[in-house]
Amino acid sequence: MSSDSVNSTQTTAYALIGGAESIRQLVDRFYDLMELEPAYTVIRQMHPADLSTSRDKLYLFLTGWMGGPDLYQEKYGHPKLRARHLPFPIGSIERNQWLDCMQRAMDEVAIDAPLKERLHESFFATADWMRNKSD
């Protein structure tokens, strides 16, 4: 996609990324990296041993968050992101590991640079808002 498409307020990230299949690839790569890379140990430990449900929930959430169908809301109701994550201590280390893991996943699934930048800015804003412990 061209930069003009990314900057258009009419074009969703869901459309630009390539829809459901591309979001699934991104989510799967994100959790594969979290599982395999020691750099993401802190956030990996916050998840259950079996990542299947986590993969599905992030896929459903990102689908709607990027402008596609509201699959997460249809299945689980309002995301209530901050409330759902309050049981987990999230500070700068956790935020940064999550962001780094997602950035690497976006790099590895070859998301277009302007879209990757747009997503990273949005991911940062959301991840920073999720912090609930001081450093």
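# Reading a helical model

User: Let's start with one residue: what does Ala110 count as, buried or exposed?

Analyst: Ala110 counts as exposed, because its relative accessibility is 64%. The general idea is a scale of relative accessible area: under 20% is buried, over 50% is exposed, and what lies in between is partly exposed (1.4 Å probe, protein chains only). Before we go on, please note that this is a predicted model: local features need pLDDT of at least 70, side-chain atom pairs count only at pLDDT 80 or more, and totals for chains, interfaces and linings use all residues. Residues are numbered from 1 along each chain as its sequence is written, and side-chain values use heavy atoms, with hydrogens and water left out.

User: Where is Ala110 placed, and what is its phi?

Analyst: Most residues other than glycine have a negative phi. Ala110 has a positive phi, near 60 degrees, and sits in the loop between helix H8 (92-108) and H9. Lys80 has a positive phi as well, near 45 degrees; this residue belongs to the loop between helix H6 (71-76) and helix H7 (81-85).

User: How many helices and strands does the protein chain have?

Analyst: Helices and strands are DSSP runs numbered from the N terminus; a helix (H or I) needs at least four residues and a strand (E) at least two. The protein chain has nine helices and zero strands. Its radius of gyration is 15 Å, close to the 14 Å from the globule rule for 135 residues, so the protein chain is as compact as a globular protein of that length. That radius is taken over C-alpha atoms, and the rule is 2.2 Å times the number of residues to the power 0.38. The C-alpha trace spans about 40 × 30 × 30 Å along its principal axes.

User: What share of the residues counts as buried?

Analyst: Of the 135 residues, 36% are buried. Ser54, in helix H5, is one example: it counts as buried because its relative accessibility is 12%. Asp128, in helix H9 (residues 113-129), counts as partly exposed at 25%.

User: How do I read contacts, and which residues does Ser54 contact?

Analyst: A contact means heavy atoms within 4.5 Å. Leaving aside neighbours within four places in sequence, Ser54 is in contact with Tyr31, His47 and Pro48. Across the protein chain, consider contacts with a separation of 6 or more: 70% of them come from residues 24 or more positions apart.

User: What about Arg55: which residue shares a polar contact with its side chain?

Analyst: A polar contact is a pair of N or O atoms within 3.5 Å; within protein, one must be able to donate a hydrogen and the other to accept it, and residues adjacent in sequence count only if both atoms are side-chain atoms. The side chains of Arg55 and Asp32 are joined by such a contact of 2.7 Å. Arg55 lies in helix H5 (residues 52-65) and counts as buried at 17% relative accessibility. Not counting residues up to four places away in sequence, Arg55 touches Arg24, Val27, Asp28, Tyr31 and Asp32.

User: How far apart in space are Gly18 and Arg82?

Analyst: Sequence separation and distance in space are read separately. Gly18 and Arg82 are 64 residues apart in sequence and 28 Å apart, C-alpha to C-alpha. Asp128 and Ser92 are 36 residues apart along the chain, with their C-alpha atoms separated by 7.8 Å. Gly18 itself is in the loop between helix H2 (13-17) and helix H3 (20-36), and counts as partly exposed at 48% relative accessibility.
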